[in-house]
Structure formats: structure tokens, C-alpha cells
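Me: Could you take a close look at one hairpin in this model, and then follow the strand pairing and the charged side-chain pairs outward from there? I would like one connected account rather than a list.

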Amino acid sequence: MRIRTLPAAVATAALFSSAVLATAGPAAADTSVPISVGTVNDTVVDGAHQHLYISGDSTISVVGYDGKVLSKLSGLPQVSDLQLSPDGSTLYAAVTGADKIVAFDTATLTQTAEYPTGAGTAPRHIALAEGRIWFGYGDQWDSGLGEVDLTADPATVSLDLAGAHDFASTPMLYADPANPDTLVALDGGISTGPIVVYDVSSGTPVIRVTANEGGFYRDAALTPDGQSILVVGQGHQAVVEYRLSDLREVHEYPVNSESETVSIAPDGTVAATSLDTENTGDTYVFPGGADAPASVRNLSDAWMTWSGHSTAWSADGTKLFVLTGSSGAMQLQTVTEPRKYVSKLTVDAPATGTRGKTLTVKGTLTTGLQLPAGTPLNVTRTDLLSPSGKSLGTRTLGANGTFSFTDAPPAGSKVRYTVTYAGDAAHTPASASDTVTVSRATPALTLTNNKKTYTYGKNVVFTAHLGTTYSNRTVEIWADPYGGDKPNKLLKTGKTDAHGNLSATVTMSRDTAVTAVFKGDARYAGRTVKSAAYAHVKTASSLSKYYRTATIGSTRYRYYHKNTDAVLTTTMTYYQGRKERLDLQVYSGGTWHTTDSEYFSLGTNGKSVVNLGHPGTSGIRARVRTSYIDPSSGDSVNTTTYGTWNYLYFSN
């Protein structure tokens with residue numbers, strides 16, 4: 001049983017009247033936070049301390065309104081129902097697995113009393129009325145009704161007080177200070193289980209009225225005047241209200257699937273959850289009563305929990321707390337303006353459009369309580385000319401909840417239209433947007449030196465030329481040297497000159513991808529062009545161990561004795577894993593003939609020393625050169641570079 005901490009004398013006439021709601025203003029945001037509790041048997045709200053007490057897993061979790069678990073009252077095997085005393089100073093808990101009811105001071109969270117109910121009684125459900133803790137105990141047909149008489153000193157325990165009714169399941173108990181002589185018991189474990197209303201004014205329960213209303217109850221709540229009970233449960237696609245005087249059905253509050261929990265605010269506003277198997281809405285608030293539409297929220301994408309009381313109003317009735325999820329993944333949902341109908345906006349703009357040409361944006365605004373035609377909607381356009389958004393004024397809602405408007409976007413690229421409904425005293429605010437890709441002209445952009453090859457180390461000027469644009473004349477020039485060890489680097493960024501040009505210099509030590517970038521403006525699209533420029537390696541080679549130099553014809557030769565090894569030393573621009581290629585040719589019959597072509601690794605200093613050997617025969621003319629061959633030399637960082645020939649003559 002859930003007892004509210006506010007005075008029970010709140011007028012109940014508003015229960016089924018049109019809701020009187022708070023003045024419209026900025027809506028505080030609903031929240032959903034993870035909460036470290038497991039299974040939920042019962043939830044009680046303590047308004048004085050702004051605590052939620054949640055029972056389950058042999059623990060009572062003391063939780064702040066923000067979802068933070070402040071304390072855990074442990075060692076309570078199978079703790080189930082919770083109940084606050086009318087003054088809010090004491091929390092009572094049915095500890096099913098220990099056959100007792102315990103009391104805690106809500107200010108100190110310390111246990112102040114315990115009331116054993118007898119071995120094997122397993123008290124599960126409790127309610128407070130006439131200075132007594134009434135408790136439902138037992139299992140199936142061995143269930144019964146008992147009491148702890150707090151007016152006696154010491155308190156006394158009595159069992160077997162069910163009177164003429166034989167409970168088929170542990171009775172769920174409900175009482176309210178507004179009707180202190182009445183105790184309501186639900187025999188909810190079977191389909192034929194009735195609602196039993198007891199008169200407890202004498203201290204001994206006397207059945208006043210009983211009726212079979214379908215059974216299989218999951219949860220229930222008394223109206224603030226204590227004159228009616230609202231029940232939910234298996235097979236019921238509604239919250240059903242029964243008048244306690246005769247147990248006649250007086251109202252139904254429809255939900256979309258099997259109803260699971262119910263809670264009533266001090267002003268009589270009904271909140272309920274449903275199993276929501278189709279994921280169309282799981283939390284229902286009826287601010288206008290059973291005959292008015294519900295405000296429906298979808299707080300969870302999964303089925304709602306079907307065990308325990310997991311929905312509760314704040315003590316002042318301004319917030320609604322709903323626990324969703326399952327053990328290990330529980331969320332505390334806080335609905336800050338539960339009586340307001342949820343507004344949902346959709347905006348549908350065309351996927352593409354033409355700059356300066358009219359396009360049409362459509363949409364809908366739906367809510368549980370239909371808004372009248374003419375309701376104002378604010379429209380904002382966000383584009384390159386108005387990156388912070390530009391108001392397009394207001395548009396009005398049509399009679400069927402639809403709207404449309406036209407606009408000629410002055411800027412291209414992505415244009416976002418945002419429609420906002422401010423909300424009112426009965427409806428939450430809503431906002432939605434959609435984006436149009438608006439065409440832009442393609443500007444002329446060129447870059448010099450594409451596919452040109454340069455000597456190693458040459459400083460080369462690359463010039464970007466930008467044609468007509470609207471407002472942006474800035475160009476970026478980037479250089480990305482080949483090879484994975486050097487990053488793409490911004491060489492220059494700036495506005496083009498009066499001729500539309502911007503230049504930057506690259507020192508060509510490697511093949512390099514040079515890129516010019518124009519990022520676009522409101523009328524001209526961004527564009528990127530690239531030039532691939534190539535660089536030779538720097539290479540030199542020299543012979544050693546010759547004894548003289550002389551010319552043969554017009555060519556200068558190094559002379560070697562026929563039995564002396566010729567040694568060639570090569571220096572080449574280094575790159576990891578790079579090799580030089582040596583080509584060796586011999587002159588014969590008036591023609592040079594290749595006799596060997598072989599690759600040799602460079603040292604990290606870029607040097608390679610190769611012993612060419614000796615022929616052992618005089619009169620031999622030879623030549624040798626070193627080259628870098630892309631990619632056969634081990635990489636593709638430079639372009640193929642052939643070195644100069646070195647000439648050798650072997651004599652006696």
C-alpha cells in the first residue's frame with residue numbers, strides 16, 4: 001500500500017474534472033538515469049526527505065530524486081511491500097523471508113522495531129489503518145489476513161482475520177487515512193479472485209462487500225478520498241475503477257496493452273504503465289480523467305516490467321517516477337510535467353533543391369489532446385549565410401494537425417529548416433528539423449605543374465587560379481610528399497590576388513601531390529584540384545684504385561691494371577629500404593653490351609661501395625652507372641633517375 005505524505009484532505013472533486021495545469025513556461029527536461037537496483041517489489045516516495053524507497057533483492061534502496069542510491073538497508077530476505085506512516089516518520093517493510101515486519105526511522109534510516117508474525121507466515125503485503133499494520137501472509141490457499149496492533153504496548157500480532165473469505169493467494173492490501181475504517185484486500189492470484197472490502201473500525205475485520213472482478217491483479221491504488229480503488233493486471237487493457245461502497249465499476253482508463261502498474265497523485269491524477277508489446281507507448285497519465293484522452297509517453301523501448309509496484313508520484317504530485325528496464329540495467333525515469341500532453345513534430349523537406357527557387361516544407365504536429373487550427377509554429381532556416389539560424393517568422397497549424405510553408409533558399413549546400421512549437425499549459429514543447437541539399441555552381445579552379453618532373457631540391461612555384469565566386473576568395477595549398485613518413489602539410493592559405501591567383505613554393509625532394517582547396521561559399525560549391533609533380537633522386541658515383549686518367553676519343557677513362565679491382569662508391573638520396581641499381585657494360589665491336597645489372601642496398605648514410613672486380617685481360621673498355629628505378633629500387637618515393645656513366649680501361 002502506498003500512503004501519500006501530503007494531507008489526505010485534498011479535494012477529490014477534481015479527480016475526473018478537466019485538469020487545471022501549471023502556467024505555460026519553459027518545460028523542465030524529463031530525465032532517464034541508470035539506477036543501481038535490481039528487481040523491484042515496491043516503490044514508496046518520502047516527500048519530506050525527497051527519497052524513493054525501493055524494495056527488492058533482500059534490500060531496501062534509498063534513492064534520491066536524481067536517481068543516486070544514497071543508502072541500502074540490507075539483510076532483509078525477500079523484502080516486499082513498503083509503507084510510510086501517515087506522518088512520514090516511519091517506513092514499514094514486510095520481510096517475507098524472515099517472517100516479520102520491520103520499522104525504520106526515515107530521518108536516520110536506522111531500524112527502530114521489528115514485529116515477528118510467526119514461523120512460516122511469510123508476510124508479503126501490508127497496509128496501515130486504525131493504528132494497525134494489516135498484513136497479507138502465507139502462500140496460495142494457505143494465505144490469510146493478520147494484524148500488528150500498534151495501539152497495544154507491547155504491540156500484539158493476530159492471524160486468521162480474513163473472516164468468511166478463504167484467500168487463494170496472499171492478499172494485496174490497501175488503506176487510506178481519508179477512509180480510516182476501510183481495508184481493501186485483493187485476492188489476485190487466480191482469475192476468480194475477488195476484491196474484498198473490510199470494515200476495520202472495531203479492530204476486527206468484518207466483510208462489508210465482496211465481488212469477483214476478474215482477478216490476476218498486479219497493482220492497485222486508492223483514490224485520495226479513499227472511496228474507490230483502481231486496479232490493473234493480467235488480461236486488462238485498462239485501469240479499472242471500482243467504487244468501494246458496492247464494488248461497482250465506475251470508470252475505465254484505457255491503455256494499449258496489458259496494464260501493469262498504477263499510481264494516483266494527491267489531486268487524483270491517474271498514472272499507469274502498460275506492458276507495451278508493440279512499443280507504441282508505455283506510460284499513461286490521465287489529466288482530464290477517464291473520459292479525456294491520455295497523455296502517453298514511451299519511456300522504454302523494451303517491454304515494461306511486469307512485477308512489483310514501479311510507478312510513483314512525487315509527494316507534491318508534480319513529478320512522476322517510473323522504473324524501467326531489468327535487473328542490472330534499471331533506469332529511473334522522471335517525468336517533470338506529467339500532466340502535459342506530449343507534442344511530437346515531424347518535418348519533411350525535399351531532399352534536394354535549387355538555390356533561389358521555391359521549395360515546400362511540410363510536417364505534422366500530433367499530440368494526445370489535439371491542438372486547434374491556427375496554433376503558431378516558429379520556423380528557422382540555418383545555412384551558410386545564417387549559420388546561427390535565421391527566423392522565418394511563424395506559420396500556423398492546419399485543422400488536421402498538418403502544416404506547410406514555402407521558401408526560396410538564398411544559399412546553397414546544406415539548408416536546415418527547424419520548426420518549433422513552444423508548448424502551452426497543456427502541451428509540452430516540440431521541435432524537429434529536416435535538411436535540404438541545395439545546389440551551388442561549380443567554380444573554376446586550376447593548379448600548375450601537373451605531371452612535371454624536376455631535379456632533386458629544385459624550388460618549384462605552384463600557382464592556383466580561382467575563377468568567379470560569390471563571397472569567399474580563400475584558397476588553401478597543400479603538399480603531400482610521397483612516402484608514409486611525412487604528413488600532408490598546409491603550405492599556404494589566403495585570398496587570391498586581383499587575378500585570382502595564389503602561389504606556394506615546394507622544394508622537390510620527393511614526388512609530391514600538391515592540392516588546391518576552395519571550401520565554397522553560399523553560391524559556389526567547394527572544389528579541390530591536384531597536381532602530381534615528380535622529383536629525381538640526388539645521386540653521384542666515383543671510381544677508385546685507378547692509376548691514371550686519359551681520354552679515348554672524347555671520353556675520359558680511368559685506367560686500371562688488368563689485375564686490379566675497380567671499386568665504385570655511390571651516394572644517393574636515402575630512403576628506408578632503398579637500393580641502387582648498377583649497370584655494367586663492355587665495349588665490343590663498336591657497341592656497348594650490358595654484361596650485368598644488379599641492385600645493391602644503400603646504407604643509412606645513402607652510400608654504397610661495390611667492388612667491380614678485374615678482367616685479368618688488358619685492352620678491356622667498360623662503363624658503369626648507378627640508377628634509382630621506381631619502384632624496383634624498393635620504393636616509389638621518387639621518380640626514376642639514371643646516373644652518369646663512369647668509364648674504365650684495363651691495361652697491362
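Reply: In the hairpin formed by E49 and E50, two residues lie between the strands, and Gly-589 takes a positive phi near 65°. This is a predicted model, and the angle, like every other value here, is computed from its coordinates. The hairpin's two arms, strand E49 (residues 579–588) and strand E50 (residues 591–601), are paired in the antiparallel sense through ten bridges, and within that ladder Gln-585 faces Thr-594 of E50. E49 also pairs with strand E52 (residues 620–628), again in the antiparallel sense, here over six bridges, with Val-586 standing opposite Ala-622 in E52. In general terms, the strands of a sheet pair through backbone hydrogen bonds, in either a parallel or an antiparallel sense.

Strand pairing can also be followed in another part of the chain, where five strands make up an open sheet in the order E38-E44-E43-E40-E41, with mixed pairing. Its edges are strand E38 (453–454) and strand E41 (489–495), and because each of these has a single partner strand, one side of each is left without a neighbour in the sheet. The partner of E41 is strand E40 (residues 474–481), which runs antiparallel to E41 and is joined to it by six bridges; one of the facing pairs there is Thr-474 with Lys-495 in E41.

Strand E40 also leads to the charged side chains, since Glu-476 forms a salt bridge with Lys-519, at 3.2 Å from N to O. Lys-519 sits in the loop between strand E43 (512–518) and strand E44 (527–535), whereas Glu-476 belongs to strand E40, so this contact ties together parts that are 43 residues apart in sequence. The two ends differ in exposure: Lys-519, at 60% relative accessibility, counts as exposed, while Glu-476, at 14%, counts as buried.

Elsewhere, salt bridges with shared partners join Arg-132, Glu-147 and Asp-149 into one network. Within this network, the side chains of Arg-132 and Asp-149 meet at 3.5 Å, N to O. That pair links distant parts of the chain, with Arg-132 in strand E11 (residues 132–137) and Asp-149 in strand E12 (residues 144–149), 17 residues apart. Because buried means under 20% relative accessible area, Arg-132 at 15% falls in that class, and so does Asp-149 at 10%.

A further salt bridge joins the side chains of Arg-218 and Glu-258, at 3.2 Å from N to O. Here Arg-218 lies in strand E18 (residues 217–222) and Glu-258 in the loop between strand E21 (249–254) and strand E22 (259–264), a separation of 40 residues. Arg-218, at 27% relative accessibility, counts as partly exposed. By the rule applied here, the count of salt bridges comes to 17.

An uncharged residue gives another view of burial. Leu-52, in strand E3 (residues 51–56), is buried, with a relative accessible area of 0%. Apart from its neighbours within four places in sequence, Leu-52 is in contact with residues including Thr-43, Val-45, Val-63, Tyr-65, Phe-321 and Leu-332. By contrast, Thr-418 lies 366 residues from Leu-52 along the chain, and their C-alpha atoms are separated by 39 Å.

Definitions and conventions. Residues numbered from 1 in each chain as written. Predicted model: local features only at pLDDT ≥ 70, side-chain atom pairs only at ≥ 80, totals over all residues. Heavy atoms only, no water. Pairing = 2+ DSSP bridges. Helix = DSSP H or I, 4+ residues; strand = E, 2+ residues; numbered from the N terminus. Buried < 20%, exposed > 50% of the residue type's maximum accessible area, 1.4 Å probe, protein only. Contact = heavy atoms within 4.5 Å. Salt bridge = Lys/Arg side-chain N within 4 Å of Asp/Glu carboxyl O.
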